[in-house]
Amino acid sequence: MEPSSLSGLPAGVGEALEAEGVEELYPPQEAAVEAGVVDGESLVAAVPTASGKTLIAELAMLSSIERGGKALYIVPLRALASEKKAEFERWEEFGVTVGVSTGNYDSDGEWLASRDIIVATSEKVDSLIRNGAPWIDDLTCVVSDEVHLVDDSHRGPTLEVTLAKLRRVNPGLQTVALSATVGNADVIADWLDAELVESDWRPIELRTGVHFGNAIEFDDGSRREVPVERGADQTAELVADALDTEEDGQGGSSLVFVNSRRNAESSARKLTDVTGPRLTGDERDRLRELAEEIRGVSDTDTSEDLADAVEEGSAFHHAGLASEHRSLVEDAFRDRLIKCVSATPTLAAGVNTPARRVIVRDWRRYDGEFGGMQPLDVLEVHQMCGRAGRPGLDPYGEAVLLASDADTREELFDRYVWAEAEPVRSKLAAEPALRTHVLATVASGFAATREGLLSFLDNTLYATQTDDEGRLAAVTDTVLDYLDVNGFVERDRDGGSESLAATGIGHTVSRLYLDPMSAAEILDGLRTVADGADDEGAAGDFVPADGAGPAPDAGAEADADDSGFTTYTRADEEGGDPAAEAGEPDDAAAPAVTPLGLYHLVSRTPDTYELYLKSGDREEYTEVCYERETEFLGDVPSEYEDVRFEDWLAALKTARLLEDWANEVDEDRIAERYGVGPGDIRGKVDTAEWLLRAAETLARDVEGVDGDTVVRVREARKRLEYGVREELLDLAGVRNVGRKRARRLYEAGIESRADLREADKAVVLGALRGRERTAERILENAGREDPSLDGVDPDRSASAAATAGADADGDGDGQASLGDFG
């Protein structure tokens with residue numbers, strides 16, 4: 001079937017596809033057309049990776065737009081959202097507009113109403129529905145990419161409920177679900193009232209096998225000799241073999257899947273011995289440039305290690321990397337510049353990174369609930385294997401699992417090579433998943449009674465699958481009790497019916513996209529401030545640490561972002577008394593509202609993944625806990641309440657990481673101190689910033705919390721956003737400044753945005769190390785009337801002052817680090 005023969009698409013789209021090289025539709029695509037995908041029929045496409053699922057989605061969306069509708073494309077990952085947006089933008093020449101939305105969970109995304117195709121994560125779509133995005137009612141087509149992820153215990157329930165809500169709002173909605181090959185695609189199709197297209201067809205042959213001894217034995221009965229000498233590394237020999245086997249004049253790249261971040265980094269280092277000697281001179285030059293770009297993303301050891309490996313044509317990829325790191329590695333791998341990537345399974349989930357050979361080195365990983373190593377699911381391994389074979393680049397793909405003995409070889413064939421993927425199962429009936437979705441369903445107006453709520457939940461995959469009809473109702477009642485007790489919903493039992501309504505604060509919590517348990521924790525913490533304020537000398541009456549006078553009054557709230565309010569310093573950093581340094585009120589029972597206390601409050605919510613306590617951490621953080629007890633917003637558990645106390649300390653460790661970031665401790669020192677990567681640091685900071693933004697909103701609804709407390713929450717949030725101490729907030733808010741440049745400018749005597757507009761240009765240029773283009777952009781963003789630096793020489797004394805002031809704390813690059821002396 002030729003694309004130009006299709007009807008119902010915008011004029012010229014079929015011909016454009018043929019110009020791209022799509023001369024005929026793949027068999028699964030043709031089956032989707034025959035099932036009515038361009039006629040508005042709902043469809044589940046369960047087909048292998050690289051078999052044309054995205055084009056099926058495009059045909060559905062473009063035909064829907066041609067009929068005057070609007071399409072939504074739901075992705076599981078933010079990185080995939082950007083990738084898909086760029087892919088869909090090629091249709092703009094046919095009058096199709098594309099928008100992407102992934103953040104700001106408390107907005108309604110009104111601007112998206114003008115777009116024909118909207119790309120968003122399931123969490124973002126859920127939040128848009130909660131916030132009443134008006135264009136949701138206009139949707140005629142929704143595509144759910146990687147729909148089998150409804151099986152994921154963390155994110156699956158959100159996708160499941162979101163699809164149920166979209167179908168309730170738009171009864172005639174065309175639903176197109178794209179999935180890997182799973183064991184029960186027919187059940188997903190029944191749930192979505194959709195036709196099923198199921199296929200094992202791939203455009204490129206995929207051979208899957210097991211390497212043992214000196215050869216790979218494949219599922220088709222063929223065999224490939226890959227000798228491994230005694231003492232040699234199995235993985236390295238397989239990577240070398242792929243690179244040395246040329247097809248179309250080029251060797252093949254490899255993806256190596258391992259079970260931990262540490263193993264990914266170690267594997268990438270070892271494989272430089274394989275990739276490095278096989279690079280051309282041009283490739284080495286390009287890789288050196290890429291390595292410098294990687295070093296510029298972060299100052300951590302992880303960034304340096306990645307850059308060192310990349311210079312030799314190898315790389316690692318895991319969730320601890322900054323998003324910029326991951327994007328650079330993915331792009332260079334797709335361009336065949338990086339020859340081998342060692343990755344954790346996160347790389348198998350959606351992002352387009354095919355290779356000629358996939359090597360599944362580790363097929364077990366540590367399971368904390370099990371307390372040991374557990375085999376990976378069949379579906380997860382099949383997703384990894386599906387990355388083998390690049391359409392248009394490779395004539396075939398090979399997926400290889402590694403065995404060290406004959407028994408393991410047989411086990412791997414039985415467990416993975418010959419096995420069918422597991423069936424997808426809903427995870428909605430777990431109480432943590434239902435808490436947020438029950439509140440949102442009531443607050444968004446999808447259910448006004450208990451019976452209506454249960455009726456809505458009958459539209460979920462869980463209801464389609466369950467044999468225990470009473471379990472969902474029982475868990476729902478437990479959740480309703482929790483929401484009622486915490487003041488998020490009101491229940492009115494009248495005869496045999498029970499009406500439900502979200503309270504004012506319940507509506508707020510739903511719009512903020514908080515887990516209600518997180519909201520309850522934050523509200524309880526804020527109430528300790530309000531309760532203390534009722535007593536003489538309590539939380540509102542602070543004594544600033546620098547003795548500069550009383551705390552600012554609530555009237556300054558509107559200007560809080562640029563204010564100079566006192567932040568209470570860490571006692572253990574300057575040798576002072578902890579309580580006094582924290583700004584302890586006269587009444588010792590009332591908590592002081594300090595950044596650490598706020599960071600700890602949000603760190604102990606279920607929306608935050610706390611850092612683990614490692615060997616020796618309990619003793620260290622127990623000591624910190626008692627030193628800074630007056631700052632906690634809530635009662636410290638007894639040491640004898642072992643689990644609660646451990647959780648409290650884990651939250652404290654997380655809060656200390658956030659405090660270090662806000663105190664300008666260098667990223668590499670934070671990474672080393674807490675055993676994390678740059679991606680972890682930024683993830684923790686982003687989560688805490690979002691929760692503090694929510695806390696700032698919730699604080700206005702807590703009786704007794706004054707404007708000063710709201711200001712302190714906002715200031716703590718802004719310090720996290722910019723990663724600076726209080727005195728740099730104004731400077732760091734200027735676009736292109738950031739935490740390091742702000743410190744250098746400050747040490748050179750430029751302390752505010754206003755100073756940037758008036759300061760001697762030579763001083764600005766000197767503080768910014770003579771980087772003229774950077775300085776001009778900063779001056780322009782600060783509102784300088786004439787930002788040009790033509791003919792201006794950097795002031796050497798300003799440069800020396802900036803460097804000396806910044807280096808006084810020992811970080812060597814403009815980062816004051818009080819925390820480094822604790």
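A charge is taken to sit over a ring if NZ of Lys or CZ of Arg is within 6 Å of the ring centre and within 35 degrees of the ring normal. In this predicted model, Arg207 lies over the face of Tyr396. The distance from the ring centre is 5.8 Å. A second case involves Arg739 and Trp661. Here the charged end of Arg739 is placed over the ring of Trp661, 3.9 Å from the centre.

The overall make-up of the chain comes next. The protein chain holds 34 helices and 19 strands. It has 822 residues, and 56% of them are buried. Long-range contacts were also counted. Among contacts in the protein chain with a separation of 6 or more, 70% join residues 24 or more positions apart.

Aromatic rings were then examined. A pair of aromatic rings is described by the distance of the centres and the angle of the planes. The count comes to seven aromatic pairs. One of the pairs is formed by Trp363 and Tyr416. Their ring centres are 6.1 Å apart. Their planes meet at 70 degrees, so the pair is edge-to-face. Trp363 belongs to the loop between β14 (357–360) and β15 (364–367). Tyr416 belongs to helix α14 (residues 406–417). The pair therefore ties together parts that are 53 residues apart in sequence. Both partners fall under the 20% limit for burial. Trp363 is buried at a relative accessible area of 7%, and Tyr416 is buried at 2%.

Helix α26 (residues 667–674) contains Glu667. This residue is buried, with a relative accessibility of 7%. Glu667 and Thr300 are 367 residues apart along the chain. Their C-alpha atoms are nevertheless separated by 5.9 Å. Beyond residues up to four places away in sequence, Glu667 touches Ser298, Asp299, Thr300, Trp661, Pro678, Ile681, Arg682 and Arg739. Trp661 and Arg739 are thus named again, as the ring and the charge described above.

Val297 lies in helix α10 (residues 281–297). Val297 is buried, with a relative accessible area of 18%. With neighbours within four places in sequence left aside, Val297 is in contact with Ala322, Glu324, His325, Leu328 and Arg682. Ala322 is 25 residues from Val297 along the chain. The C-alpha atoms of Val297 and Ala322 are 7.8 Å apart. Arg682 appears among the contacts of Val297 and among those of Glu667.

Arg450 is placed in helix α16 (residues 450–457). At 21% relative accessibility, Arg450 counts as partly exposed. Not counting residues up to four places away in sequence, Arg450 touches Ala473, Asp477, Leu480, Glu498 and Leu500. Asp477 is 27 residues away from Arg450 in sequence. The C-alpha to C-alpha distance between Arg450 and Asp477 is 8.6 Å.

Glu631 is found in the loop between α24 (617–627) and α25 (642–662). Glu631 is buried, with a relative accessible area of 3%. The C-alpha atoms of Glu631 and Thr594 are separated by 6.3 Å. Along the chain, Glu631 and Thr594 are 37 residues apart.

Backbone angles were also inspected. Glu146 is not a glycine, yet its phi is positive, at about 55 degrees. Glu146 sits in the loop between β5 (139–144) and α6 (156–169). Its relative accessible area is 11%, and Glu146 is buried. Asp193 also has a positive phi, near 50 degrees, in a residue other than glycine. The loop between α7 (185–191) and β7 (195–198) holds Asp193. In contrast to the buried Glu146, Asp193 is exposed, with a relative accessible area of 61%.

Open space was examined last. Rolling a probe the size of a water molecule over the atoms shows where empty space is left. The second largest pocket encloses about 1000 Å³ of space. Its lining consists of 38 residues. Ala50, Thr54, Glu87, Asn352 and Pro391 lie nearest the centre of this pocket. The elements that give two or more residues to the lining are α3 (53–66) and α4 (78–88). By class, the lining of the second largest pocket has 14 nonpolar, eleven polar and 13 charged residues.

Definitions and conventions:
Residues numbered from 1 in each chain as written. Predicted model: local features only at pLDDT ≥ 70, side-chain atom pairs only at ≥ 80, totals over all residues. Heavy atoms only, no water. Phe/Tyr/Trp six-rings, centres within 6.5 Å; stacked < 30°, edge-to-face > 60°. Helix = DSSP H or I, 4+ residues; strand = E, 2+ residues; numbered from the N terminus. Buried < 20%, exposed > 50% of the residue type's maximum accessible area, 1.4 Å probe, protein only. Contact = heavy atoms within 4.5 Å. 1 Å grid on protein atoms, 1.4 Å probe; cavity = no way out; pocket = protein on both sides within 12 Å on 5 of 7 lines; lining within 4 Å. Points joined across faces, edges and corners; volume = space filled by probe spheres on them. Nonpolar A, V, L, I, M, F, W, Y, C, P; charged D, E, K, R; others polar.
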